[in-house]
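Me: I should like to learn how the features of a helical model are read, one at a time. Could we begin with the general idea in each case and then turn to the example itself?

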Amino acid sequence: MSYLILSVAVLLVAPLIERLFRNSPHFEQVLSTFLMVVLGGIIFVELLPLSYQVGGWLVIPLVILGLTGPTLIEKLFRKSANETHQLTLLVGFSGLLLHTMIDGASLHEYYQVNSASQWLPLAIALHRIPVALTVLWIIRPVFGLKAVWLSLVSLGLFTIFGYVVGVEMEHTMTSQAFAWLQSFVSGTLLHVLLHRPHRHHHNEEHEHNLFQQFKGWGKYHASGVLLGTATLLVLAQIHK
């Protein structure tokens, strides 16, 4: 139970970090590249290979649909571009909810299976830090800090739900339908990461694509890449 509490409590790291570095002009640069590396690594190295094993070749077009579909809709229906982006963001966030639910079920399995890695609870807890920071990064510019707190509470509740349901979720999580769903929402999450809106002066919202985000690349972007790479390596080691 202590590991479950830890895995939920660590979600509070995101608002604490935001409060500490709120006035830092370079915080966004470090955070953006850090999350690109970590979330991209988790999606391409962990989620999509597992989805492909269960869901087969159909996973690939579903990822592409999730990644490019919102952009096509925004171009075809320019008047509903903002609504489309917000809906895409919510779908991407649902992918984070699925991920935390799976982590909760894995934590339950750790208590039930003697052969489970002793480092699994630590890996789950560390997973939460980039997930919580992603919520802060993508939700705050559009919906504000209150929505960030609501999202973090949702992540905690889904973690507890996955833990309580535990083994009963195994059939669902290993089904083709779940693999297809996970691949689609992974694609939408990638879309949100690559087309994240930013708040500028006078609370105006502007969308930055990947190239705009890294325009004026500097040492702080590089620091984020190094930190993200180190985080992935640590997660890979303790997840074995």
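Reply: Helices and strands are taken as DSSP runs, numbered from the N terminus. The model shown is a predicted one. Read in that way, the elements of the protein follow the order α-α-α-α-α-α-α-α-α-β-β-α-α from the N terminus.

Me: How many helices and how many strands does the protein have?

Reply: There are eleven helices and two strands in the protein.

Me: What share of the residues in the protein is buried?

Reply: A residue is called buried when its relative accessible area is under 20%. Of the 240 residues in the protein, 45% are buried. The accessible surface of the protein amounts to about 12,900 Å², and carbon and sulfur atoms account for 68% of that surface.

Me: How are the contacts in the protein spread along the sequence?

Reply: Here one considers contacts between residues at least 6 apart in sequence. In the protein, 79% of these join residues at least 24 apart.

Me: How should the packing of helix 3 on helix 9 be read?

Reply: One begins with the approach and angle of the axes. Those of helix 3 (residues 27–55) and helix 9 come within 9 Å and cross at roughly 160 degrees. Angles over 145 degrees count as roughly antiparallel, and helix 3 and helix 9 are therefore roughly antiparallel to each other. Their crossing is left-handed. Residues that make the contact include Met36, Leu39, Ile43 and Phe44 of helix 3, and Trp180, Ser183, Ser186 and Leu189 of helix 9. Sorted by class, this contact of helix 3 with helix 9 comprises 13 nonpolar, six polar and no charged residues.

Me: What is the handedness of the crossing between helix 1 and helix 7, and at what angle do their axes cross?

Reply: The same reading applies. The axes of helix 1 (residues 2–9) and helix 7 (residues 145–165) cross at roughly 155 degrees and come within 9 Å. Helix 1 and helix 7 are therefore roughly antiparallel, and their crossing is right-handed. Leu4, Ser7 and Val8 of helix 1 meet Gly156, Thr159, Ile160 and Tyr163 of helix 7. By class, the contact of helix 1 with helix 7 holds four nonpolar, three polar and no charged residues.

Me: Is Gly187 buried or exposed, and which residues does Gly187 contact beyond its sequence neighbours?

Reply: For a single residue, one reads its element, its accessibility and its contacts in turn. Gly187 is placed in helix 9 (residues 176–194). Gly187 counts as buried because its relative accessibility is 0%. Apart from neighbours within four places in sequence, Gly187 contacts Val63, Gly66 and Leu67. Gly187 and Thr88 are 99 residues apart along the chain, yet their C-alpha atoms are separated by 10.0 Å.

Me: Where does Val63 lie, and what surrounds Val63?

Reply: Val63 belongs to helix 4 (residues 59–76). With a relative accessible area of 11%, Val63 is buried. Leu48, Ser183 and Gly187 are in contact with Val63, neighbours within four places in sequence being left aside. The C-alpha atoms of Val63 and Leu189 are 9.8 Å apart, although 126 residues separate the two in sequence.

Me: Why does Ser151 count as buried, and which residues does Ser151 touch?

Reply: Ser151, in helix 7, counts as buried because its relative accessible area is 9%. Not counting residues up to four places away in sequence, Ser151 touches Phe93, Val135 and Ile139.

Definitions and conventions. Residues numbered from 1 in each chain as written. Predicted model: local features only at pLDDT ≥ 70, side-chain atom pairs only at ≥ 80, totals over all residues. Heavy atoms only, no water. Axes fitted to C-alpha atoms, helices over the stretch in contact; angles between N-to-C directions. Helix = DSSP H or I, 4+ residues; strand = E, 2+ residues; numbered from the N terminus. Parallel < 35°, antiparallel > 145°, perpendicular 65-115°, else oblique. Left-handed = near helix turned anticlockwise from the far one by under 90°. Contact = heavy atoms within 4.5 Å. Nonpolar A, V, L, I, M, F, W, Y, C, P; charged D, E, K, R; others polar. Buried < 20%, exposed > 50% of the residue type's maximum accessible area, 1.4 Å probe, protein only. Areas by Shrake-Rupley, 256 points an atom, 1.4 Å probe, with all protein chains shown as cover.
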